[in-house]
Amino acid sequence: MADTNDIQTFIKPYLVPEGSEELNRNLQAMAASFAVTDDKISDIIKGLHKSMKTGLDHDDPDALPMIPTYVNGRPTGKETGTFLALDLGGTNLRVCQVTLKGDTTYSLVQQKFTITQEAKESRLWDFIAECVGVFLEEHDLHPAPGKRTIPCGYTFSFPIYQTGIASGNLSMWNKSFTVPNSVGRDVVNLTQSAFQRHHVPVEVVAVLNDTVGTLMTSGYSHPDTQMGIIFGTGTNAAYWENLENIGKWTGPDRKGEMVVNLEWGAFDNATEVLPYTAHDNKLNRKSSNHGLQVFEKMISGLFLGEVARNAILSLVDQRLIFAGRSSEILNKSYTFDTAYMSEIVADQTPDLANVKVVLEGTLDIPPTSLIDRKVVQHVCNMIGTRGVRLSAAAMSAVLLARPELLASTVSVGIDGSMYQFYPNFERNLYSVSRVFLGENFVDNRLKLHLAKDGSGVGAAIVAMTVDRDRNR
């Protein structure tokens, strides 16, 4: 078994014996810069614990936000009823009608609307209201007899500072959204106002982050769920914390548990412990939220391809691959999709035929040599391996924050395209975690589950609990 505390483990696989000395010197330096040894992961876990502890105690711009979500009832899997849910993500708006069956299973009727560029830049709230109106009309949905509105859970996949179960102020935009006059304002009010303008009879009774939704969905099917994670276009996590550990919580009750939203994409924005490279810096300084969400930019699907593009072009500029040539497509930012990385990493054909298709067919690069294709595959592997090792570090840190739970079976609900589609992502999460959580726990008691469509179902589950408590 490879020694994952030896830097050479992260360098040797990426050298190309048939390549030039200069090429291999550059590959060696690049691989070393992306390497995440076990010692480095230990430092990252310590850094995360320090940041989590500070963020739980008080709001600190240099610590993780650690946002109390006002969600304080674990699902049992026995809940029943039909509820509406909205799920606003980075790419799509989903409108769902969720029926909880009371036996840990549920059914889902949903419609997906691709978020237009215009909506991302200006008219998002009206766009949401129009889509919900279409869904209600097409599925012939109306308020219950005697009610004026349909209760709805709202998964809002952007950083919000929650001020109540159905109120939260937008902290910042990410995922390339730039809607003006929104930051600092209550996203439920902005959405509800649009519903009123468009005569949509829906009331948002709960707003939550997509990770909270993932946690609650997994918890409905697996009541021992301790954590929900998104490894997708973006990344974040939420977990159950003891209220007595949340120093900044000012609510009346300090007993029991509450879901805390970490907003861990903002970890180590000062880059004190993360393995930050020139290729990350290039992405960061050109991004609309420069200097923010640094951890997210190292592990999530929106950014990994761009880090790879920067690294590949640095080798092109030194005329070490593609004979120094590129293409108009590759020269543009964000054209090297993370999905291409997945295809490239998974290619096991002798002449790397699939890599050739991506480079020459999709990206319009002039004819490539086998060495070119090997180098591109190596670069993608370096960056993907760093991403999954950092992901495992963060997951391990959060589970270690509640050590008393590790004696029992612990489930983690995970959603997102990286977890679903990046080659061997789940297997590597398990294998890296064994070093830090212990082989016995990981092999026998840690259960990772795909909480597919978790953010939609989770919103309905939280809406159900709010509606139930309101009508008692």
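Tutor: Two strands pair if DSSP finds at least two bridges between them. We will use that rule on this predicted model.

Student: Which residue in E3 does Thr 80 stand opposite?

Tutor: Strand E2 covers residues 80-88. E2 and E3 are joined by 9 bridges and run antiparallel. In E3, the residue opposite Thr 80 is Lys 101.

Student: Which residue in E4 is the bridge partner of Leu 100?

Tutor: Strand E3 (residues 92-101) also joins strand E4 (residues 106-114). There are 9 bridges here, and the strands run antiparallel. In E4, Leu 100 has as its bridge partner Tyr 106.

Student: Which residue takes a positive phi in the hairpin of E3 and E4?

Tutor: The hairpin has 4 residues between its strands. One of them has a phi near 85°. That residue is Gly 102.

Student: Is Gly 81 buried, partly exposed or exposed?

Tutor: Gly 81 lies in E2. Beyond its sequence neighbours up to four places away, Gly 81 touches Val 98, Thr 99 and Leu 100. Its relative accessible area is 26%. Buried means under 20% and exposed means over 50%, so Gly 81 is partly exposed.

Student: How far apart in space are Gly 81 and Tyr 106?

Tutor: In sequence, Gly 81 and Tyr 106 are 25 residues apart. Their C-alpha to C-alpha distance is 9.6 Å.

Student: What are the edge strands of the sheet with the order E4-E3-E2-E5-E8?

Tutor: This is an open sheet of 5 strands with mixed pairing. An edge strand here pairs on one side only. The edges are E4 and E8.

Student: At what angle does H16 run to E2?

Tutor: Helix H16 spans residues 454-470. H16 lies across E2, E3, E4, E5 and E8. To E2, its angle is about 125°.

Student: Why is one side of each edge strand left without a neighbour in the sheet of 6 strands, and which strands are they?

Tutor: The open sheet of 6 strands runs E1-E11-E10-E9-E12-E13, with mixed pairing. Each edge strand has a single partner, so one side lacks a neighbour in the sheet. The two are E1 (67-68) and E13 (446-450).

Student: In E11, what is the bridge partner of Pro 68?

Tutor: E1 and E11 (residues 257-261) run antiparallel. They are joined by 2 bridges. The partner of Pro 68 is Val 260.

Student: Which helix lies across E9, E12 and E13?

Tutor: This helix spans residues 425-437. It runs at about 155° to E13. It is H14.

Student: Which helix gives the most to the largest nonpolar core?

Tutor: The largest core has 90 residues. Met 227, Phe 231 and Trp 264 touch the most other members. With 15 residues, the helix that gives the most is H12.

Student: How many residues are in the second, separate core?

Tutor: Go back to the largest core, where Phe 231 touches residues including Trp 264, Ile 299 and Leu 429. The second core is separate and includes Phe 113, Leu 124, Phe 127 and Val 207. Its residues number 37.

Student: Does the end-to-end distance of H8 agree or disagree with its expected span, and what is that distance?

Tutor: H8 has 17 residues, 301-317. At 1.5 Å a residue, it should span 24 Å. The two values agree, because the end C-alpha atoms are apart by 25 Å.

Student: How many of the 17 residues of H8 are buried?

Tutor: The helix is largely enclosed by the rest of the structure. That follows from its count of buried residues, which is 15.

Student: Is the pair of Phe 267 and Phe 295 stacked or edge-to-face?

Tutor: The whole structure holds 16 aromatic pairs. In this one, the ring centres are 6.0 Å apart and the planes stand at 85°. Planes over 60 degrees apart count as edge-to-face. So the pair is edge-to-face.

Student: How many residues apart are Phe 267 and Phe 295?

Tutor: Phe 267 is in the loop between E11 and H6, while Phe 295 is in helix H7. The pair links distant parts of the chain. Their separation in residues is 28.

Student: Is Ala 270 buried or exposed?

Tutor: Ala 270 is found in the loop between E11 and H6. Its relative accessibility is 53%. Exposed means over 50%, so Ala 270 counts as exposed.

How values were computed. Residues are numbered from 1 along each chain as its sequence is written. This is a predicted model: local features need pLDDT of at least 70, side-chain atom pairs count only at pLDDT 80 or more; totals for chains, interfaces and linings use all residues. Side-chain values use heavy atoms; hydrogens and water are left out. Contact means heavy atoms within 4.5 Å. Axes are lines fitted to C-alpha atoms, for helices over the stretch in contact, and angles run from 0 to 180 degrees between N-to-C directions. Buried means under 20% relative accessible area, exposed over 50%, partly exposed in between (1.4 Å probe, protein chains only). The expected span of a helix is 1.5 Å times one less than its number of residues. A nonpolar core is a set of buried Ala, Val, Leu, Ile, Met, Phe, Trp, Tyr and Cys residues joined through side-chain atoms within 4.5 Å. Rings of Phe, Tyr and Trp (its six-membered ring) pair if their centres lie within 6.5 Å; planes under 30 degrees apart count as stacked, over 60 as edge-to-face and the rest as tilted.
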